[in-house]
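Here's a walk through one structure, strand pairing first, then salt bridges, then a few backbone oddities. Keep the 3D view open while you read.

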Amino acid sequence: MRNTVFDLHRPHSRDTSVIFASPHSGRDYAGTVAGQSILNDDQLRSSEDAFVDLLFDRVPEFGAPLITATAPRAFVDLNRDETELDSALIVGVKRNAGNPRVASGLGVIPRVVANAMPIYVGKMQLTEAQSRISNYWRPYHTALQTLMAESSEQFGQAILIDCHSMPTAALGGLRDDRSDVVLGDRFGAGASSHIVDQIEAAFTDAGFRVARNIPFAGAYIVGRYGRPSRNCHAIQVEIDRSLYMDEFSLTPHDGYADTRERLMRVAGKITEIGRTGAVKLAAE
């Protein structure tokens with residue numbers, strides 16, 4: 001399904017409880033933030049999970065739906081609570097004390113992109129922020145919640161794979177000392193360990209070096225949708241951008257095709273986890 005808020009790609013036959021999502025790969029700048037920002041498109045794209053939606057675009061072949069944002073993260077951040085409003089950006093908002101994301105300019109309506117570059121001059125009206133939340137944030141989450149409910153009803157469980165990319169600089173150290181993929185389950189609060197163990201094994205088997213929760217443990221989406229006690233599991237997947245793209249030119253490099261192919265092997269194994277768990281639940 002195509003609209004101005006998200007793309008929803010459904011499989012011909014949905015036979016797994018797994019759902020894939022990419023909330024930060026939206027790149028419709030002309031229709032959203034570009035006309036309001038002091039930054040150019042390349043600067044705005046520095047906060048984008050570039051190409052993540054394309055890296056996972058074949059997952060419907062494995063029986064799983066894929067939902068991807070169309071609006072960019074610099075316009076509205078779907079991985080934040082709708083109440084995370086920034087008083088330094090939005091007129092009439094009270095200071096959100098104690099929230100480091102908002103304080104750093106990374107609320108639901110971001111004030112900055114990478115390297116703390118300001119997106120705007122001055123403040124925006126509260127009505128503009130509310131419009132973005134009503135027209136972009138809520139429809140995306142309504143659709144995602146519907147997908148989770150469908151999985152729970154059909155399979156007795158739901159497994160959300162929330163796909164992101166991470167800048168190489170966030171990992172630190174030498175290439176041989178850092179991970180290719182970081183799985184975030186909020187230290188067990190977002191997903192059962194036996195599911196995360198299997199997801200980690202799928203990445204490891206495909207040749208990826210995997211870490212858990214450090215430096216990314218999962219943000220709002222994992223916290224909202226991960227309810228292991230209700231058989232709803234959410235895992236954030238962060239992929240090192242240097243595996244598949246040039247982070248300065250924001251273009252795919254020679255490793256893109258190999259990374260995409262390996263990720264498809266991983267996706268195939270993850271969707272199988274969603275079938276095995278459903279079979280076990282049906283048999284109990």
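Two strands count as paired if DSSP finds at least two bridges between them. Keep in mind that this is a predicted model.

**The strand β2**

With that cut-off in hand, take β2 and strand β3 (residues 66-69): they pair in the parallel sense over 3 bridges. If you want a spot to click on, S22 has T68 of β3 as its bridge partner. β2 also pairs with strand β4 (residues 158-166), again in the parallel sense, this time over 4 bridges. There, I19 has L160 as its bridge partner.

So how much of β2 is buried? 5 of the 5 residues are, so the strand is largely enclosed by the rest of the structure. In a regular strand, side chains alternate between the two faces of the sheet. In β2, V18, F20 and S22 point one way, while I19 and A21 point the other way, and all are buried.

**Salt bridges**

The structure holds 21 salt bridges. Here are three of them, with the closest N to O distance for each.

| Pair | Distance |
|---|---|
| R275 and D15 | 3.1 Å |
| D197 and R212 | 2.3 Å |
| R212 and E200 | 2.7 Å |

Start with R275 and D15, whose side chains meet in a salt bridge. R275 lies in helix α7 (residues 256-283) and D15 in the loop between β1 (6-9) and β2 (18-22), so the pair ties together parts that are 260 residues apart in sequence. Are the two partners buried or exposed? R275 is buried, at a relative accessible area of 19%, where the cut-off for buried is under 20%. D15 is partly exposed, at 35%.

Next come the two bridges made by R212, one with D197 and one with E200. D197 sits in helix α5 (residues 193-205) and R212 in strand β6 (residues 210-212), and that pair links distant parts of the chain, 15 residues apart. The bridge between R212 and E200 also runs from strand β6 to helix α5, so it ties together parts that are 12 residues apart in sequence. How accessible are these residues? D197 is partly exposed, with a relative accessible area of 40%. R212 counts as partly exposed too, at 29% relative accessibility, and E200 is partly exposed at 23%.

There's a network to look for as well: salt bridges that share partners join R10, R14 and E150.

**Backbone oddities**

Right after β6 there's a loop worth zooming in on. Which peptide bond is cis? The one joining I214 and P215, with omega at about 10°. P215 is found in the loop between β6 and α6 (220-225).

N213 is in that loop between β6 and α6 too. Although N213 is not a glycine, it has a positive phi of about 70°. N213 counts as buried, at 8% relative accessibility.

Where else does a residue that is not a glycine show a positive phi? N115 does, at about 60°. N115 lies in the loop between α3 (100-103) and α4 (126-155). Is N115 buried or exposed? At 75% relative accessibility, N115 counts as exposed, while N213 is buried.

Definitions and conventions:
Residues are numbered from 1 along each chain as its sequence is written. This is a predicted model: local features need pLDDT of at least 70, side-chain atom pairs count only at pLDDT 80 or more; totals for chains, interfaces and linings use all residues. Side-chain values use heavy atoms; hydrogens and water are left out. A salt bridge is a side-chain nitrogen of Lys or Arg within 4 Å of a carboxyl oxygen of Asp or Glu. Helices (H or I, at least four residues) and strands (E, at least two) are DSSP runs, numbered from the N terminus. Buried means under 20% relative accessible area, exposed over 50%, partly exposed in between (1.4 Å probe, protein chains only).
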